[in-house]
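Student: I'd like a close look at the charged side chains here, please. Could you take me through their partners and surroundings in one go?

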Amino acid sequence: MKTIRWRVAAAGAPTALRPCGACGAEAAFASTGQFRVNAQKKRLDVWLVYRCTTCGSVWNCAVTSRRGAKSLDGGLLERFSGNDPELALACALDVSLLKHNGARRGTTAFTVEGAGWDGGDCRVVVEADGALGVRLADVLRRKLGVSRRELEALVEASRVVLPGADVLRARTRARQELLLRGTNA
């Protein structure tokens, strides 16, 4: 059986969903990609700065608090101070960091690289790094070029199978395999 690989990657920082003090309701906050670093005596605080997409108010997501200046790697401190885009994206994708700050991750824009399905039997290895948590159904719809209803029909006909899980409810993980079966299966 032929094997194809799809690589799922975040195309940008997801929004953070949390209550907005200015709007008075839960709102989506977009990462600015910038860090705020504050030092008091020998202690450092680092925040990733977000802006409310509705009103523009600022929310600082704590990355590290009251940490000893010597305990933070110099290279990491330099990346925070220089607003390293890769580090900002990694922090924005960190679900536990957002949860610790009273927020949850919103939608994540993603890209999928890899060969398309030719309609025959094949095994698909889906690898995802920072885009973890993206719905597998969204990845399949994008790569197969089908609507949600058409994907549901493929799953019902056992032409798209994720062993041990529901394809339509599954989220991407670091590595997972699924089967695509041709019309003769």
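Tutor: Happily! Let's start at Asp138, which is partly exposed with a relative accessible area of 25%; that class lies between buried (under 20%) and exposed (over 50%), computed with a 1.4 Å probe on protein chains only. Before going on, note that this is a predicted model, in which local features need pLDDT of at least 70 and side-chain atom pairs count only at pLDDT 80 or more, while totals for chains, interfaces and linings use all residues. Residues are numbered from 1 along each chain as its sequence is written, and side-chain values use heavy atoms, leaving out hydrogens and water.

The partner of Asp138 is Arg135, with 3.7 Å from N to O in their salt bridge, a term that requires a side-chain nitrogen of Lys or Arg within 4 Å of a carboxyl oxygen of Asp or Glu. Arg135 is partly exposed too, at 23%. Across the whole structure the search finds ten salt bridges. Another of them links Asp84 with Arg79 at 3.4 Å, and Arg79 has a relative accessible area of 33%, again partly exposed.

A third links Glu177 to Arg175, whose closest N and O atoms are 3.1 Å apart. Salt bridges with shared partners join these two and Arg123 into one network. Glu177 is partly exposed at 33%, and Arg175 is partly exposed at 44%.

Arg123 leads us into the strands, which are DSSP runs of E with at least two residues, numbered from the N terminus. Strand S8 covers residues 122-128, and five of its seven residues are buried. Strands pair when DSSP finds at least two bridges between them. S8 pairs with S1 (residues 2-10) in the parallel sense over seven bridges, and Thr3 stands opposite Arg123. S8 also pairs with S10 (residues 175-180), antiparallel and over six bridges; in S10, Leu179 is the bridge partner of Arg123.

Finally, consider Arg105, in strand S6 (residues 104-105). Arg105 is buried but has no salt bridge, and Asp94, the nearest side chain of opposite charge, is 7.9 Å away. In this count Lys and Arg are positive, Asp and Glu negative, and His and the chain ends are left out. A polar atom of the Arg105 side chain does lie 3.1 Å from the backbone oxygen of Leu93.

Notes
Helix = DSSP H or I, 4+ residues; strand = E, 2+ residues; numbered from the N terminus. Polar contact = N/O pair within 3.5 Å; in protein donor to acceptor, adjacent residues only side chain to side chain.
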